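Let's take a walk through a protein model together. Keep the sequence beside you as you read, and turn the structure whenever a new residue comes up.

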Amino acid sequence: MSPGTAPLPANGTVVMDEACGRVGEVMDREGGRLQLRPVRGGREWDADPARVRTATPAERLHATLAAVNAASRWETT
């Protein structure tokens with residue numbers, strides 16, 4: 001790590017990928033990239049660590065509620 005470079009977020013940290021505007025949970029690191037997945041599950045994507053920051057509480061809440069609402073549309077009664 002070079003001077004002035006922030007440490008990579010730990011696995012399980014919820015972050016905002018500013019390159020694509022998505023909130024995701026850090027799952028792993030591979031080839032200098034972070035592997036993120038949506039907060040409530042889904043397909044992972046690669047993110048540039050330089051374009052990722054810790055998500056705000058409002059961003060985490062928004063992502064969680066969006067996932068819960070989407071899942072509720074698929075439930076049958």
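**Starting at a hairpin**

In the hairpin of strand 1 and strand 2, with 4 residues between the strands, Gly21 takes a positive phi near 75°. Before we go on, please keep in mind that this is a predicted model, in which local features need pLDDT of at least 70 and side-chain atom pairs count only at pLDDT 80 or more, while totals for chains, interfaces and linings use all residues. Residues are numbered from 1 along each chain as its sequence is written, and side-chain values use heavy atoms, with hydrogens and water left out.

Now for the overall plan. The protein has 1 helix and 5 strands, and from the N terminus on the elements run β-β-β-β-β-α. Helices (H or I, at least four residues) and strands (E, at least two) are DSSP runs, numbered from the N terminus. Of the 77 residues in the protein, 25% are buried. Here, buried means under 20% relative accessible area, exposed means over 50%, and partly exposed lies in between (1.4 Å probe, protein chains only).

Let's follow the strands. Two strands pair if DSSP finds at least two bridges between them. Strand 1 (residues 14-17) pairs with strand 2 (residues 22-30) in the antiparallel sense over 4 bridges. One pair to look for is Asp17 with its bridge partner Arg22 in strand 2. Strand 2 is also joined to strand 3 (residues 33-37) by 5 bridges, and these two run antiparallel. Asp28 has Gln35 in strand 3 as its bridge partner. The hairpin of strand 2 and strand 3 has 2 residues between the strands, and there Gly31 takes a positive phi near 60°. Moving on, strand 3 and strand 4 run antiparallel and are joined by 3 bridges. Gln35 turns up again here, with Asp46 in strand 4 as its bridge partner.

**Where charges meet**

Side chains of opposite charge can pair when their charged atoms come close. A salt bridge is a side-chain nitrogen of Lys or Arg within 4 Å of a carboxyl oxygen of Asp or Glu. How many salt bridges does the structure hold? There are 3 salt bridges.

Take Glu25 and Arg37, whose side chains meet in a salt bridge (3.2 Å, N to O). Because Glu25 lies in strand 2 and Arg37 in strand 3, this pair ties together parts that are 12 residues apart in sequence. Glu25 is buried, since its relative accessible area is 19%.

Next, find Arg53. Glu18 forms a salt bridge with Arg53, and the closest N and O atoms are 2.5 Å apart. This pair links distant parts of the chain: Glu18 is in the loop between strand 1 and strand 2, Arg53 is in strand 5 (residues 52-54), and they are 35 residues apart. Glu59 also forms a salt bridge with Arg53, with the closest N and O atoms 2.7 Å apart. Salt bridges that share partners thus join Glu18, Arg53 and Glu59 into one network. Are these three residues buried or exposed, or partly exposed? Glu18 is partly exposed because its relative accessible area is 41%, and Arg53 counts as partly exposed because its relative accessibility is 30%. Glu59, at 18% relative accessibility, counts as buried.

Not every charged residue pairs up this way. Asp28, Glu30, Glu44 and Asp46 form a negative surface patch. Patches are made of residues with over 30% relative accessible area and no salt bridge, with like charges joined within 9 Å and nonpolar side chains (Val, Leu, Ile, Met, Phe, Trp, Tyr) within 5 Å. From this patch, pick out Glu30, which is in strand 2. Why does Glu30 count as exposed? The reason is its relative accessibility of 53%.

**Far along the chain, traced in space**

Finally, compare sequence with space. Val23 is found in strand 2 and counts as buried because its relative accessibility is 14%. Val23 and Thr54 are 31 residues apart in sequence and 9.2 Å apart in space, C-alpha to C-alpha. Arg51 lies in the loop between strand 4 (45-47) and strand 5, and at 40% relative accessibility Arg51 counts as partly exposed. Arg51 and Asp17 are 34 residues apart in sequence, with 6.1 Å between them in space, C-alpha to C-alpha.

Note on methods:
Accessible areas come from the Shrake-Rupley method with a 1.4 Å probe; for residues, only the protein chains shown count as cover. Lys and Arg count as positive and Asp and Glu as negative; His and the chain ends are not counted. The place of a charge is taken as NZ of Lys, CZ of Arg, CG of Asp or CD of Glu.
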